[in-house]
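Q: I should like a close look at a single part of this protein, followed by an account of its surroundings. Please explain each term as it arises, as one would for a first-year student.

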Amino acid sequence: MIIKLDTIDSTNRYGLREFANFADNTLIVSDSQDAGRGRRGKSWHSPAGKNIYASYLIKGDQSLIEKSLWICGLAALKTLREHSTDLALWLKWPNDIYCTPKNNPSQYLKIAGLLAEMHSPAGSNTIDGVVAGMGINLNMTNSDLEKIDQPATSILNETGKEVNIANFADNLLQNLSFYRTIFEENINQLYIEWKSENGLIGKTITLQKDDNKIISGKVTDVTRNGILVLLTPDGSIHEIVTGNLVRISK
Ligand code: BTN
């Protein structure tokens, strides 16, 4: 089921507030958000009629948090590819979708970000589901993109073609249902596909960790718990839970 709103504070917040009133597998889409939330306490710039601001509700226990990100990451990636067939798009740890522009293969730009939040019924400390939010840049112009605090792009900016946002939302729901079925039937297959789309695996990268220390190495894995595994030149293995990508070297 799809719920379409003109405007809201945040589709994630709305999904969490109204969680009990919506069925499992509901997608909430809003034309704009006036308090869009990003990860790490950041805000998410959400102008009207430019992008997809959507939240997908999954009912179940706390183990869903990573899996909701596999479902939403793969569904958003598939939908982006269906609406822009010749873009180089890939999943970037932890929960982004990036685009490598055709005219500058050494660049990498964020085109979508995901934020999954757990829901607890009032007065309880149990988890009964997840609201997984997706912000997907579709029709932002160059000047819109300049307002974002990190290198970013949109389908319009890469292809020169506007995307029909309502069609995109309908296709997104179909693709969410597609990956939801794989999740129900073969969770291992879902993880393997998600991992295979992670563009950092096999690359040599530099990260800034939460303690501000810089670390460089080759990415050997992204685990089922969302941990990035880095092999550093001295032969040691580092498991990174959160960090900021500084550079991709090769
Ligand atoms: C990130 O920081 O990269 C995650 C951004 C997630 C933004 C989406 S937009 C729809 C949903 N509602 C929100 O308030 N945030 C998410």
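A: Helices and strands are taken here as DSSP runs, a helix being H or I over at least four residues and a strand being E over at least two, and both are numbered from the N terminus. The model is predicted, so local features need pLDDT of at least 70 and side-chain atom pairs count only at pLDDT 80 or more, whereas totals for chains, interfaces and linings use all residues. Residue numbers start from 1 along each chain as its sequence is written, and side-chain values use heavy atoms, with hydrogens and water left out.

The part chosen is helix α5, which runs over residues 165-185. The expected span of a helix is 1.5 Å times one less than its number of residues. Helix α5 has 21 residues and should therefore span 30 Å, and the 30 Å between its end C-alpha atoms agrees with that value. Just at the start of α5, the backbone nitrogen of A166 has a side-chain oxygen of N164 within 3.1 Å.

The next matter is which side chains of the helix are hidden. A residue is called buried under 20% relative accessible area, exposed over 50%, and partly exposed in between (1.4 Å probe, protein chains only). In α5 the buried residues are I165, F168, A169, L172, L173, N175, L176, Y179, R180, I182 and F183. An α-helix has 3.6 residues a turn, so residues three or four places apart point the same way. With contact meaning heavy atoms within 4.5 Å, the neighbours of the helix can be named. The buried residues of α5 pack against the strands β1 (2-8), β2 (27-33), β3 (52-59) and β7 (129-136). They also pack against two helices, α2 (64-83) and α6 (187-196).

One residue of the helix repays a closer look. Y179 lies in α5, and it counts as buried because its relative accessibility is 4%. Leaving aside neighbours within four places in sequence, Y179 is in contact with I71, L74, A75 and K78, and also with L190 and E193. Y179 and C72 are 107 residues apart along the chain, yet their C-alpha atoms are separated by 8.1 Å.

A residue in a strand offers a second view. From L176 to T206 there are 30 residues along the chain, and the C-alpha atoms of these two residues are separated by 32 Å. T206 lies in strand β8, which covers residues 204-209. At 4% relative accessibility, T206 too counts as buried. If residues up to four places away in sequence are not counted, T206 touches I214, I215 and S216, together with N244, L245, V246, R247 and S249. A polar contact is a pair of N or O atoms within 3.5 Å; within protein, one must be able to donate a hydrogen and the other to accept it, and residues adjacent in sequence count only if both atoms are side-chain atoms. Such a contact, of 2.9 Å, joins the side chains of T206 and S216.

Some details of the backbone complete the account. N212 is placed in the loop between β8 and β9 (214-222). Although N212 is not a glycine, it has a positive phi of about 75°. Its relative accessibility is 55%, so N212 counts as exposed. In the loop between α1 and β2 one finds N25. A positive phi of about 75° occurs at N25, although this residue is not a glycine. N25 has a relative accessible area of 22% and is therefore partly exposed. P94, for its part, has its place in the loop between β4 and β5. The peptide bond leading from W93 to P94 is cis, with omega near 0°.

To return to the part first chosen, helix α5 has an end-to-end C-alpha separation that agrees with the expected span, and its buried residues pack against both helices and strands, among them α2 and β1.
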